[in-house]
Every structure is written in structure tokens, then in C-alpha cells.
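Opening the notebook on a new model today. I want to start from one buried charge and work outwards from there.

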Amino acid sequence: MIDTDRELTGRAAVLAATDHHPFVRHALRLDDAPRAWARDGAVAWLLPTAGNDRAGGVVGPVDAAVELVAALVADGAVRPGQYLQLPRADRELLVDRFAATRVDDWDFLWTTAVPPRQPGQERVVRLGPADHPALAALIDDAFPTSSSRPQDPTVTGWYGIWDAGRLVACGADRSRGDVGFLAGLTVARDRRGRGLGAALTAGMTRALFARYDHVALGVYADNLAALRLYRRLGFTGTLRRSSVWLG
């Protein structure tokens with residue numbers, strides 16, 4: 001059973017219990033009213049009436065986080081098919097403990113400083129609804145598995161780089177809470193290796209720093225080239241995560 005003596009209520013309480021960690025500041029929207037629990041250094045939260053499969057998240061020591069999620073599952077607080085974002089854990093452990101149908105390992109990276117100037121970053125411009133067809137075409141060809149798409153209500157804006165009337169790079173502003181967040185960074189297949197990814201990331205990061213004191217992004221743990229690029233641009237804050245879909 002969940003230890004209700006350690007229950008927390010509301011975004012402010014969760015932030016206080018997690019030392020205002022950038023990941024938690026991003027995970028919880030400003031108007032979210034999560035229920036949360038603290039146990040043995042781990043803090044877990046659930047989002048009320050979640051409109052998608054994301055049920056919530058956990059931060060803290062791996063063992064304590066797994067036990068806390070197990071308690072939530074046992075109490076029926078999380079339903080099969082939903083997913084939670086946990087500290088990075090052994091894939092076999094997660095599959096065995098939660099009958100997980102999918103486990104994605106990724107890193108949450110953040111920076112508190114504008115990145116070094118990159119060649120071409122001045123070409124990064126804000127995109128609008130009229131650019132959605134070009135966005136869709138670029139993403140479909142160059143990043144078909146991207147979850148960031150035109151018309152996605154969780155995307156607050158788009159940025160891109162044009163070349164001779166063609167959109168050759170794009171990225172989504174999926175800022176949430178009080179942390180800026182880059183997502184869906186995409187470069188045309190025939191333009192890779194020319195610094196467009198660095199220019200796009202630097203230009204977008206500088207734009208978001210006009211509104212936020214932290215800017216973050218997520219990258220799959222096995223995407224070593226992207227990890228090297230983002231670290232070079234100053235994204236050195238790191239929280240290793242496993243997204244777990246419950247069976």
C-alpha cells in the first residue's frame with residue numbers, strides 16, 4: 001500500500017520535495033494539480049485525469065522509485081497501457097516487475113546558459129500555420145517516428161531553417177511548466193553533416209532563453225552523435241530516464 005503519511009498535494013509541494021529539479025519543473029504544468037508520494041528518497045506523482053497515456057513520473061534512487069511505482073500499481077492508481085517516467089533502471093527488472101510492454105531509455109538534458117554561437121544560427125526563424133505543409137513533408141521524410149507534428153496541441157511553436165524556398169531543418173517548442181523544451185529536431189536527409197543541427201539547436205535555445213531560465217531536451221540514450229552535439233552546446237545537466245509502459 002502507498003504510505004499516505006508521506007502524501008503530497010499540488011505542484012508546489014512536489015517541487016519542494018524534489019529541490020525544484022528542472023525535470024520536475026518541466027514535467028508538471030503550471031496548472032497541474034498532481035497527487036504525489038515520497039518514500040525513501042523517491043518522489044512519485046500522478047497527473048489527474050491524464051488526457052494521454054502519460055500517467056506521471058518518479059525521481060530519486062532507483063530501488064525506492066521502483067518500490068513506489070509498485071505500490072501505485074498495486075493500489076490501482078495506474079492502469080495498464082499508461083506509462084511512467086522512472087530513473088534509469090535495468091530493462092529486465094522493469095519488464096519482470098511491471099510486465100512492461102515497452103521500455104525507452106533516454107536522457108533529460110538541460111542548460112542554464114546560452115550556447116556558443118554556431119554558424120548559421122541567425123537563419124533560424126519562427127514558423128507559422130502557413131508552414132505546416134512544409135513541416136509535415138520534412139518530418140515525414142527525415143524523422144517519420146517523431147511524435148512532434150504540426151497541429152499537435154502540446155507544441156507551442158515551431159522553428160526552422162529555409163534554403164532557397166525549401167525547409168531543410170525544423171524543431172518544436174514543447175515548453176511546459178517553467179522550463180523551455182526543444183523537441184523533434186529534424187534535418188533534411190541530404191543536408192546532414194553541414195552544421196544545420198547545431199545551428200537549429202543553438203538558435204532555438206537562444207530564443208527560449210528569452211522566456212525561461214532553463215532550457216532542456218530529451219535524447220535517446222543510444223543516440224551518441226546527438227548526445228555529443230548537445231553537450232558541446234552546453235546541455236550538460238543530465239538525468240537518465242526510463243519510460244515504462246505498464247502491461
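**Entry 1: the arginine in the strand**

I began with R241 and listed its contacts (heavy atoms within 4.5 Å). Leaving aside neighbours within four places in sequence, R241 touches F23, V58, V59, Q85, L86, P87, R88, D104, D105, W106 and F108. R241 sits in strand 12, residues 237-245. For helices and strands I use DSSP runs numbered from the N terminus (H or I, at least four residues, for helices; E, at least two, for strands).

Before going on, I note that this is a predicted model, where local features need pLDDT of at least 70, side-chain atom pairs count only at pLDDT 80 or more, and totals for chains, interfaces and linings use all residues. Residues are numbered from 1 along each chain as its sequence is written, and side-chain values use heavy atoms, with hydrogens and water left out.

What is the nearest side chain of opposite charge to R241? I found D107, 8.7 Å away, and R241 is buried yet has no salt bridge. My cut-offs for burial are under 20% relative accessible area for buried, over 50% for exposed, and partly exposed in between (1.4 Å probe, protein chains only). For charge, Lys and Arg count as positive and Asp and Glu as negative, while His and the chain ends are not counted. A salt bridge here is a side-chain nitrogen of Lys or Arg within 4 Å of a carboxyl oxygen of Asp or Glu.

**Entry 2: salt bridges**

Next I looked up the ion pairs, and the structure holds 16 salt bridges. One of them joins the side chains of R11 and D178 at 3.5 Å, N to O. That pair links distant parts of the chain, with R11 in helix 1 (residues 11-17) and D178 in the loop between strand 9 and strand 10, 167 residues apart. R11 counts as buried because its relative accessibility is 11%, whereas D178, at 25%, counts as partly exposed.

I then checked R25 and D213, whose side chains meet in a salt bridge at 2.9 Å, N to O. R25 lies in helix 2 (residues 22-27) and D213 in the loop between helix 6 and strand 11, so this pair ties together parts 188 residues apart in sequence. R25 is buried, with a relative accessible area of 11%, and D213 is partly exposed at 44%. I also see that R11, R25, D178 and D213 are linked in a network of salt bridges.

One more pair: D152 bridges to R174, with the closest N and O atoms 3.4 Å apart. D152 is in the loop between helix 5 (132-142) and strand 8, and R174 is in the loop between strand 9 and strand 10, 22 residues apart. D152 counts as buried at 18% relative accessibility, and R174 counts as buried at 19%.

**Entry 3: helix 6**

How many of the 13 residues of helix 6 are buried? I get 10, so helix 6 is largely enclosed by the rest of the structure. They are L196, A198, A199, L200, T201, A202, G203, M204, T205 and L208. Their cover includes strand 6 (102-111), strand 8 (157-163), strand 9 (166-173), strand 10 (180-187), strand 11 (215-220) and helix 7 (224-232).

I checked the length too. The expected span of a helix is 1.5 Å times one less than its number of residues. For helix 6 (residues 196-208) that gives 18 Å, and the end C-alpha atoms are 18 Å apart, which agrees.

**Entry 4: helix 3**

Helix 3 (residues 62-74) should span 18 Å for its 13 residues, and its end C-alpha atoms are indeed 18 Å apart. I list A64, A65, V66, L68, V69, A70, A71 and L72 as buried there. Those buried residues pack against strand 2 (35-39), strand 3 (42-46), strand 4 (54-59), strand 5 (83-87) and helix 4 (91-98). Just after helix 3, I noted that G76 takes a positive phi of about 75°.

Is D63, also in helix 3, buried or exposed? D63 is exposed, with a relative accessible area of 61%.

**Entry 5: the whole chain**

I count seven helices and 12 strands in the protein chain. Of its 247 residues, 54% count as buried.
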